[in-house]
Amino acid sequence: MSGRPDSGTGPETADSEAPAGQDASVDPRDESVDPLDESVDPLAVSDDPLDESVDPLAVSDDPWEDARRARWTAVGTGAALTLAGLAAALLRLARSAPALVPAAYAGGAAVCAAAAVLGSRGRTRRALWLLIAGVMVMALGTSSTESGRCE
């Protein structure tokens, strides 16, 4: 047995792996709910914006839509963090700060820009890890700024 639910065995075959206390002929699935019932649409969108019965973050049945959403999220987050890192680097260059501080912000922004490029190509898992690494590099610039203030 492969353990897959679509292995081709029908409900009439006895399950040899059933525990001793259970009857193998009883189907453990609940037959009272029909999954093909079209009267209830779980993805229906309500007109009421305060309706809490519809989850806007529900995963859709279309894997292409999920992949597209993940790509756009990676690209948008990478672009926003890149702009934030470059702005912080320029602000730190204008003030009197050690050279390591703007370099850390600029380096983190470069890593986030690379993550945005990877996200646009569909490598969303790698993009996520690069975004985390980029923010950590930018945090080094923040921690070195904070350590310089303690006199």
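**Notebook: a predicted three-helix chain**

I began at the surface, where Leu-128, Trp-129, Ile-132 and Met-136 make a nonpolar patch of about 450 Å². For a patch I took residues with over 30% relative accessible area and no salt bridge, joining like charges within 9 Å and nonpolar side chains (Val, Leu, Ile, Met, Phe, Trp, Tyr) within 5 Å. Accessible areas come from the Shrake-Rupley method with a 1.4 Å probe, and for residues only the protein chains shown count as cover.

The model is predicted: local features need pLDDT of at least 70, side-chain atom pairs count only at pLDDT 80 or more, and totals for chains, interfaces and linings use all residues. Residues are numbered from 1 along each chain as its sequence is written, and side-chain values use heavy atoms, with hydrogens and water left out.

**Entry: one residue of the patch**

I looked up Ile-132 and found it in helix H3 (residues 124-149). Ile-132 counts as partly exposed because its relative accessibility is 36%. The classes I use are buried for under 20% relative accessible area, exposed for over 50%, and partly exposed in between (1.4 Å probe, protein chains only).

**Entry: the whole chain**

I counted three helices and zero strands. From the N terminus on, the elements run α-α-α. Helices (H or I, at least four residues) and strands (E, at least two) are DSSP runs, numbered from the N terminus.

The chain has 151 residues, and buried residues make up 16% of them. I noted an accessible surface of about 11800 Å², with 60% of it belonging to carbon and sulfur atoms. For contacts (heavy atoms within 4.5 Å), I took the pairs at least 6 apart in sequence: 56% of these join residues at least 24 apart.

**Entry: confidence**

I checked pLDDT, the predictor's confidence in each residue, from 0 to 100. Its mean over the chain is 75, and 56% of the residues reach 70 or more. Among the elements, helix H2 (residues 100-120) has the highest mean, 94, and H3 the lowest, 85.

**Entry: helix H1**

Does the span of H1 agree or disagree with its residue count? At 1.5 Å a residue, its 32 residues should span 46 Å, and the end C-alpha atoms are 47 Å apart, which agrees. The expected span is 1.5 Å times one less than the number of residues.

I then listed the buried residues of H1: Ala-74, Gly-78, Thr-82, Gly-85, Ala-88, Ala-89 and Arg-92. I picked out Thr-82, which counts as buried because its relative accessibility is 13%. Leaving aside neighbours within four places in sequence, Thr-82 is in contact with Ala-109, Cys-112 and Ala-113.

Thr-77 is also in helix H1. Thr-77 has a relative accessible area of 32%, so I put it down as partly exposed. Its C-alpha atom is separated by 9.5 Å from that of Ala-113, 36 residues apart along the chain.

**Entry: salt bridges**

How many salt bridges does a search of the whole structure find? It finds two. The test is a side-chain nitrogen of Lys or Arg within 4 Å of a carboxyl oxygen of Asp or Glu.

One joins Arg-68 and Glu-65, with the closest N and O atoms 2.6 Å apart. Both residues lie in helix H1 (residues 63-94), three residues apart, about one turn of the helix. The other joins the side chains of Glu-65 and Arg-69 (3.8 Å, N to O). Glu-65 and Arg-69 are separated by about one helical turn because they are four residues apart in helix H1. I recorded Glu-65, Arg-68 and Arg-69 as one network, joined by salt bridges that share partners.

I also looked up how open the three residues are. Glu-65 counts as partly exposed at 28% relative accessibility, Arg-68 as partly exposed at 37%, and Arg-69 as partly exposed at 41%.

**Entry: Ser-120**

My last lookup was Ser-120, which has its place in helix H2. At 44% relative accessibility, Ser-120 counts as partly exposed. Which residues does Ser-120 touch, not counting those up to four places away in sequence? I found Arg-71 and Val-75. I also noted Thr-73, which is 47 residues from Ser-120 in sequence and 9.3 Å from it in space, C-alpha to C-alpha.
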